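Visitor: I am new to this structure and would like a close look at a single part of it, the strands and the sheets they build. Could you take me through that part slowly, and then show me how it sits within the whole?

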Number of protein chains: 2
Amino acid sequence: MSLLTIGTVAFDDIKTPHGHAERAIGGAATYIGFSAANFVKPIQLVSVIGNDFPESVLQQMKDRGINLDGLQVMKDQKSFFWAGEYSEDLNSRETLTTELNVLENFDPVLPENYKNTQYVMLGNLSPQVQSRVIDQLKAPKFVAMDTMNFWMDIAWDDLMEVIPRVDALVINDEEARQMSGEHALAVAAQKIMDLGPSYLVIKKGENGALLFHKDEQMFFAPALPLAQVVDPTGAGDTFAGGFMGYLARTDDISFENMKRAVIYGSAMASFCVEDFSIRKLEQITAEDLNQRVQQFIDLVHFDVPQKAIS
Amino acid sequence: MSLLTIGTVAFDDIKTPHGHAERAIGGAATYIGFSAANFVKPIQLVSVIGNDFPESVLQQMKDRGINLDGLQVMKDQKSFFWAGEYSEDLNSRETLTTELNVLENFDPVLPENYKNTQYVMLGNLSPQVQSRVIDQLKAPKFVAMDTMNFWMDIAWDDLMEVIPRVDALVINDEEARQMSGEHALAVAAQKIMDLGPSYLVIKKGENGALLFHKDEQMFFAPALPLAQVVDPTGAGDTFAGGFMGYLARTDDISFENMKRAVIYGSAMASFCVEDFSIRKLEQITAEDLNQRVQQFIDLVHFDVPQKAIS
């Protein structure tokens with residue numbers, strides 16, 4: 001199996017209480033790709049960059065199994081750029097600069113060898129661009145998408161067109177509340193799945209992630225309590241990459257297997273936040289990952305005798 | 001086994017987005033008692049009330065297995081009273097009134113038949129009062145205590161005297177951060193256990209609870225994603241009552257069993273918040289509890305093959 005992903009490939013400028021990363025490699029598709037490549041190859045990446053993106057990073061992506069046939073290079077433009085600063089507790093951040101650059105007129109064109117990909121992760125981009133990708137897929141088996149409050153504010157109708165076309169929505173708690181108008185996540189989840197998707201993942205950052213299925217099945221995965229979170233940037237995309245990478249690898253979309261995918265996604269995200277940018281992600285080995293997943297098992301495993309209280 | 005608990009038995013006035021409960025039955029020892037009585041009897045309650053507390057509630061406590069031999073009644077005073085109002089999302093609350101009344105000169109005296117109790121839950125009260133209880137115990141096997149920011153601010157030295165005398169501290173995330181001066185809970189936990197207790201439970205409200213042991217074992221229990229939280233008041237005390245009640249019932253303080261106790265505590269807390277005051281708690285049956293615990297099992301259970309990724 002392979003996985004197709006679309007999203008930004010970009011430069012970030014990130015300030016956290018632990019330091020300042022200038023001109024760091026970022027972007028949703030970058031994080032999704034580096035994360036998912038631990039599970040399946042190739043990752044069929046669709047994105048756009050300018051003339052300023054380092055060749056060495058592109059080579060590194062290829063070495064990790066990320067196919068760049070679908071990466072457009074705009075020779076006379078600059079790559080997408082985002083600058084942000086996190087609060088002392090890392091729970092909120094302020095966007096200092098957003099330069100769309102190459103994204104302004106991005107039209108995603110899928111190479112022929114991408115069109116049969118069965119597992120698809122649509123990273124956060126305009127819903128019109130996400131729809132354009134689905135249009136070009138021949139027989140997708142499982143399509144997941146991310147989105148953000150920004151698109152709910154300015155492109156609600158387009159969002160409502162693309163959402164019914166996907167199998168899973170992977171968003172954070174704040175986004176789920178805005179989309180549904182409900183505070184209680186269990187209620188928000190049912191309202192969002194009524195819009196179309198059979199599955200919903202609600203990411204809660206340091207408070208874990210919830211997986212919902214239309215038939216009211218529900219699963220919760222914690223975040224690992226880490227001694228130090230250096231930079232939360234990209235954690236959600238890294239989660240999505242691990243989640244979809246695991247599904248593509250196992251080619252099994254049962255709820256039981258999707259739970260495992262949530263755990264693998266959470267494990268990948270726990271690596272991501274331990275350093276700036278993709279610095280930790282680019283070093284992960286299979287052994288690291290298996291050990292980290294074991295930590296999740298140890299963290300939540302318990303055994304209660306049936307009908308223990310009488 | 002039996003469980004001794006000390007804490008307030010009080011009146012609350014509670015406003016939440018779901019209503020207003022006036023002169024509702026509240027207090028830490030009330031919640032701990034009603035919760036723990038699902039696991040062990042008798043609950044040896046130590047507290048103080050005024051001349052205004054309803055006899056019917058005292059009778060109800062006795063009917064649930066709560067022994068009131070240690071409940072002092074101050075004939076010429078009023079019971080402790082707290083009034084508070086919660087924010088729209090229930091994540092914060094403002095205290096509108098606190099009337100200490102009978103608490104001002106409370107000296108906890110343990111009846112003879114309490115002094116051999118092996119499991120003890122010291123609800124949130126001044127650290128001096130908590131110490132006075134420990135002084136009177138003959139051979140406690142496992143003592144847990146709650147506290148709050150208020151005591152850290154005004155009675156730090158007294159707090160540092162009582163904390164080394166207990167086996168477990170059961171506090172919330174904000175309190176753990178203030179006590180340790182550390183934001184990351186995994187780091188905060190080790191610093192707090194360095195003060196003495198072998199075990200620490202950090203309650204995170206709707207984001208679950210963490211259990212730590214000095215030897216670096218760690219366990220996480222989620223909160224159940226509920227469709228509606230009506231009133232969070234007493235959830236932490238209800239958790240503590242379930243946690244300690246389960247330990248006293250099973251008389252097993254291994255880490256494996258303490259995990260189960262955290263799950264039972266979380267299950268009890270999930271009932272507590274579904275209605276105002278103790279309204280839901282006073283109706284819980286063993287079958288309700290077993291069903292609720294099964295929901296926790298279903299919520300977090302997953303299975304990953306050893307070394308799944310290679």
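Guide: Let us begin in chain B of this predicted model, where four strands form an open sheet in the order E3-E2-E6-E7, with mixed pairing. At its edges stand strand E3 (19-26) and strand E7 of chain B, each of which pairs on one side only. From one strand to the next, the twist of this sheet averages 15°.

Inside that order, strand E2 (residues 10-16) of chain B runs parallel to strand E6 (residues 80-86) of chain B, and six bridges hold the pair. Two places where these strands meet can be found in the view: B:Asp12 stands opposite B:Trp82 in E6(B), and B:Asp13 has B:Ala83 in E6(B) as its bridge partner. On to the next pair, E6(B) is joined by six bridges to strand E7 (residues 93-99) of chain B, and here the two run antiparallel. One of the facing pairs is B:Gly84, which stands opposite B:Thr95 in E7(B). E6(B) and E7(B) also form a hairpin with six residues between them, and in its turn B:Leu90 has a positive phi of about 65°. Both senses of pairing seen here belong to a general pattern, in which strands of a sheet pair through backbone hydrogen bonds, either parallel or antiparallel.

A second sheet can be followed in chain A. It is an open sheet of nine strands, again with mixed pairing, and its order is E5-E4-E1-E8-E9-E10-E11-E12-E13. Strand E5 (66-73) and strand E13 (218-221) of chain A are at the edges, and each has a single partner strand, so one side of each is left without a neighbour in the sheet. Averaged over this sheet, and with direction ignored, neighbouring strands are turned by 15° against each other.

Strand E4 of chain A is a good place to look closely. On one side, strand E1 (residues 3-6) of chain A and strand E4 (residues 43-49) of chain A pair in the parallel sense over four bridges; among the facing residues, A:Leu3 stands opposite A:Ile43 in E4(A), while A:Thr5 has A:Leu45 in E4(A) as its bridge partner. E4(A) also pairs with E5(A), in the parallel sense and over six bridges, and here A:Ile43 stands opposite A:Ile66 in E5(A). Seven of the seven residues of E4(A) are buried, which leaves the strand mostly covered. Their directions divide into two sets, with A:Ile43, A:Leu45, A:Ser47 and A:Ile49 pointing one way from the strand and A:Gln44, A:Val46 and A:Val48 pointing the other way, and all of them are buried.

Towards the other end of the strand order, helix H9 (residues 255-272) of chain A lies across strand E11 (199-203), strand E12 (209-213) and E13 of chain A, and it runs at about 160° to E12(A).

The view can now widen to the contact between the chains, where 34 residues of chain A are in contact with 34 residues of chain B. On the side of chain A that touches chain B, the elements that give two or more residues are helix H7 (185-193), E13, H9 and helix H10 (286-300) of chain A, and H10(A) gives the most, with seven residues. By class, this side of chain A has 24 nonpolar, six polar and four charged residues.

The arrangement of the two chains completes the picture. Chain A can be laid on chain B with an RMSD of 0.0 Å by a turn of 180° and a shift of 0.0 Å along the axis, and the two copies are thus related as by a two-fold rotation axis. The same surface serves both copies, as 100% of the contact residues of chain A recur in chain B. Of the residues of chain A, A:Asn207 comes closest to the rotation axis, with its C-alpha at 3.0 Å.

Terms used:
Residues are numbered from 1 along each chain as its sequence is written. Chains are lettered from A and ligands numbered from 1 in the order in which they are written. This is a predicted model: local features need pLDDT of at least 70, side-chain atom pairs count only at pLDDT 80 or more; totals for chains, interfaces and linings use all residues. Copies are superposed by least squares on the C-alpha atoms of residues with pLDDT of at least 70 in both. Two residues are in contact if their C-beta atoms, placed from the backbone, lie within 7 Å. Two strands pair if DSSP finds at least two bridges between them. Axes are lines fitted to C-alpha atoms, for helices over the stretch in contact, and angles run from 0 to 180 degrees between N-to-C directions. Ala, Val, Leu, Ile, Met, Phe, Trp, Tyr, Cys and Pro count as nonpolar, Asp, Glu, Lys and Arg as charged, and the others, Gly among them, as polar. A residue is buried if 20 or more other C-beta atoms lie within 10 Å of its own, exposed if 12 or fewer, and partly exposed in between; C-beta atoms are placed from the backbone.
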